[in-house]
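Reader: I am new to this structure and should like to understand the terms applied to it. May I put my questions one by one?

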Amino acid sequence: MRLLPPRYAAFLALTAVAATAPAQPTAPPSGAPATPRAAAPIDLTGQWVAIVNEDWRWRMVTPPKGDVASVPLNAEGRRIAEAWDPASDGDCSAYGAAALLRMPTRLRIRWDGEQRLVIETDAGRQTRILDFTTPPVDGTAPRSLQGQSVARWVTPARAAAGPGLAGAVAGPQRGGGYLDVRTTNLSGGWLRRNGVPYSEDAQVTEYFTTFAAPNDSAWLVVTTIVDDPRYLTQRYIVSNHFRREPVGGRWSPRACGVAQ
């Protein structure tokens, strides 16, 4: 059964549109620009549960050794995947930023101040920090599974028809938007729990958007793009779907580690 309405298929082909989201708030009366929290065109906060409606055999269970189907690995990447030791199943390498949201997990998303979003997962007990301010790039920050993530809101062009406005669009201004996240400074890890690798050279791009289904349930869609010149021959692109659920509902933190 197809869970997503057809009108959202274009987004899964990397067209980010949030047609049902509220309009972007205006700047404060003082004229100072709105903070990222105040300017959010969509609400990502709350608790979300992963809906595994594709690639079940790679996401709900650990695939067999050597099962690298659909991942564009080069020869070195395949060699590393073939060397995976099944005894390491459950290792935290499978819970890095490039693959964390691919897990059958629940998310808790909250604001930490006005410039930072925090994503916590019960699978692997991981925490991701999405900063709306660009951290200094001085080469001293340690690499990690979650790396450094820089976020920005993207909203549709807003132009009102009027004299002298080239290319202006008549009619009401559009609302909606999505979150663009770029992650670097990774320590490397696995794209799948069976040791399919990505390297510390990988860069992860993510697009977060929301929509309301006909039954009024709220959905979160995250499109993830992994670029890795060391182990991939081309971009690895997946989409992950989450449904909002009551905060305080089923939340079962499970730490990652060997033999979990």
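**Terms and values**

Reader: Why is Thr121 called buried or exposed?

Author: Thr121 has a relative accessibility of 3%. Buried means under 20% relative accessible area, exposed over 50%, and partly exposed in between, with a 1.4 Å probe and protein chains only; therefore Thr121 counts as buried.

Reader: What kind of model do these values come from?

Author: This is a predicted model, in which local features need pLDDT of at least 70 and side-chain atom pairs count only at pLDDT 80 or more, while totals for chains, interfaces and linings use all residues. Residues are numbered from 1 along each chain as its sequence is written, and side-chain values use heavy atoms, with hydrogens and water left out.

Reader: Where in the chain is Thr121 placed, and what makes that stretch a strand?

Author: Thr121 belongs to strand β3, residues 116-121. Helices (H or I, at least four residues) and strands (E, at least two) are DSSP runs, numbered from the N terminus. Counted in this way, the chain has 3 helices and 13 strands.

Reader: Which residues is Thr121 in contact with, beyond its neighbours within four places in sequence?

Author: Contact means heavy atoms within 4.5 Å. With those neighbours left aside, Thr121 is in contact with Leu100, Thr105, Arg106, Leu107, Gln126 and Trp251. The C-alpha atoms of Thr121 and Tyr95 are 9.8 Å apart, with these positions 26 residues apart along the chain counted as their separation.

Reader: What makes the pair of Thr121 and Ala123 a polar contact?

Author: A polar atom of the Thr121 side chain lies 2.8 Å from the backbone oxygen of Ala123. A polar contact is a pair of N or O atoms within 3.5 Å; within protein, one must be able to donate a hydrogen and the other to accept it, and residues adjacent in sequence count only if both atoms are side-chain atoms. The side chains of Ser88 and Trp84 also make a polar contact, at 3.1 Å.

Reader: Is Ser88 buried or exposed, and how do you know?

Author: Ser88 counts as buried because its relative accessibility is 17%. Ser88 lies in the loop between α3 (75-82) and β2 (106-111).

Reader: Why are Val68 and Asn74 classed as they are, buried or exposed?

Author: Val68 is buried because its relative accessible area is 17%, and Asn74 counts as buried because its relative accessibility is 18%. Val68 is placed in the loop between α2 (56-59) and α3, and Asn74 lies in the loop between α2 and α3. Apart from neighbours within four places in sequence, Val68 touches Leu73, Ala81, Arg192 and Val196 by the contact rule. With such neighbours again left aside, Asn74 is in contact with Arg230, Tyr231, Leu232 and Thr233.

Reader: What makes Ser70 and Arg125 exposed?

Author: Ser70 has a relative accessible area of 51%, so it is exposed. Arg125 reaches 55% relative accessibility and therefore counts as exposed. Ser70 lies in the loop between α2 and α3, and its phi is near 80°, a positive value in a residue other than glycine. Arg125 is in the loop between β4 (123-124) and β5 (127-131); its phi is about 50°, positive although Arg125 is not a glycine.

Reader: How many cavities are there, and what makes a space a cavity?

Author: On a 1 Å grid over the protein atoms alone, a cavity is a set of points where a 1.4 Å probe fits but cannot get out; lining residues have an atom within 4 Å of a point. Grid points are joined across faces, edges and corners, and a volume is the space filled by probe spheres set on the points. The count comes to 2 cavities of 30 Å³ or more. The largest has about 110 Å³ of space, and the second largest about 60 Å³.

Reader: How does the lining of each cavity divide into nonpolar, polar and charged residues?

Author: Ala, Val, Leu, Ile, Met, Phe, Trp, Tyr, Cys and Pro count as nonpolar, Asp, Glu, Lys and Arg as charged, and the others, Gly among them, as polar. The largest cavity has 6 nonpolar, no polar and 5 charged lining residues, including Asp55, Trp58 and Arg59. The lining of the second largest divides into 8 nonpolar, 2 polar and 2 charged, with Thr224 and Asn240 among them.

Conventions. 1 Å grid on protein atoms, 1.4 Å probe; cavity = no way out; pocket = protein on both sides within 12 Å on 5 of 7 lines; lining within 4 Å.
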